[in-house]
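Good morning, and thank you for coming. I would like to take you through one structure, strand by strand, and then turn to its interior.

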Amino acid sequence: QVQLVESGGGLVQAGESLRLSCVVTRSGDRIDDMGWYRQAPGKQRELVAGINTGGNTLYADSVKGRFTISRDNDKNTVYLQMNRLKPEDTGVYSCRVRTWRADYWGRGTQVTVSA
């Protein structure tokens, strides 16, 4: 019933920017914390950025100062603004949301950064 749909990924050159969006549909439960994860080839999936209901955020050290996570509660949407992208940012970015009922994952969107 619950769907998470990510969008905004693509192929860019180093130094450019992308804005990812994750829209949560068909959920009547309050969304608590939301986050973005990524998985690069040959590596474990890692938390990139998270945001709670109060707007408090956290970031992985590798993206701090370059990425910004935000949310629009009325639209059940979480965003990830990605600036000054680096080749090591390449990976599949997945959205995760948490409710009292369960955790939900999107299928992910590919981000590829060329040198």
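Let me begin with a term: two strands are said to pair if DSSP finds at least two bridges between them. Helices (H or I, at least four residues) and strands (E, at least two) are themselves DSSP runs, numbered from the N terminus. By that rule, β9 and β11 run antiparallel and are joined by three bridges. One pairing to look for here is that of Val-92 with its bridge partner in β11, Gln-110.

A word on the source. This is a predicted model, in which local features need pLDDT of at least 70 and side-chain atom pairs count only at pLDDT 80 or more, while totals for chains, interfaces and linings use all residues. Residues are numbered from 1 along each chain as its sequence is written, and side-chain values use heavy atoms, with hydrogens and water left out.

Let us stay with β11 for a moment. Strand β2 (residues 10–13) is joined to β11 by four bridges, and these two run parallel. Gln-13 has Ser-114 of β11 as its bridge partner. For what follows, buried means under 20% relative accessible area, exposed means over 50%, and partly exposed lies in between (1.4 Å probe, protein chains only). The side chains of β11 alternate: Thr-109, Val-111 and Val-113 point to one face and are buried, whereas Gln-110, Thr-112 and Ser-114 point to the other and are not.

I now turn to the open sheet. Its four strands are paired antiparallel in the order β1-β3-β8-β7. At the edges are β1 (3–7) and β7 (67–72), each of which pairs on one side only. Direction ignored, neighbouring strands of this sheet are turned by 15° against each other on average; the axes are lines fitted to C-alpha atoms, for helices over the stretch in contact, and angles run from 0 to 180 degrees between N-to-C directions.

Within this sheet, please look at β8. How many bridges join β3 to β8? There are six, and the two strands run antiparallel; Cys-22 stands opposite Val-78 in β8. On the other side, β8 (residues 77–82) pairs with β7 in the antiparallel sense, again over six bridges, and Ile-69 stands opposite Leu-80. Five of the six residues of β8 are buried, so this strand is largely enclosed by the rest of the structure.

The hairpin of β7 and β8 has four residues between the strands. In that turn, Asn-76 has a positive phi of about 50° although it is not a glycine. Asn-76 counts as partly exposed, at 25% relative accessibility. The loop between β8 and β9 holds Arg-84, which also has a positive phi of about 50° without being a glycine. Arg-84 is partly exposed, with a relative accessible area of 46%.

Is Asp-89, in contrast, buried or exposed? At 1% relative accessibility, Asp-89 counts as buried. Asp-89 also lies in the loop between β8 and β9. Its C-alpha atom is separated by 7.9 Å from that of Ala-40, 49 residues apart along the chain.

Next, the interior. A nonpolar core is a set of buried Ala, Val, Leu, Ile, Met, Phe, Trp, Tyr and Cys residues joined through side-chain atoms within 4.5 Å. The largest one has 26 residues, and those touching the most other members are Trp-36, Phe-67, Val-78, Leu-80, Met-82, Tyr-93 and Val-97. Two or more residues come from each of β3 (18–25), β4, β5, β7, β8, β9 and β11 (109–114). Among the elements, β3 gives the most to this core, with four residues.

Finally, I come to the largest pocket. Which residues lie nearest its centre? They are Asp-33, Met-34, Tyr-37, Leu-47 and Gly-50, out of 13 that line the pocket. At least two lining residues are supplied by each of β4 (34–39), β5 (46–51) and β9 (91–98). On a 1 Å grid over the protein atoms alone, a cavity is a set of points where a 1.4 Å probe fits but cannot get out, whereas a pocket is an open set with protein on both sides within 12 Å along at least five of seven lines; lining residues have an atom within 4 Å of a point.
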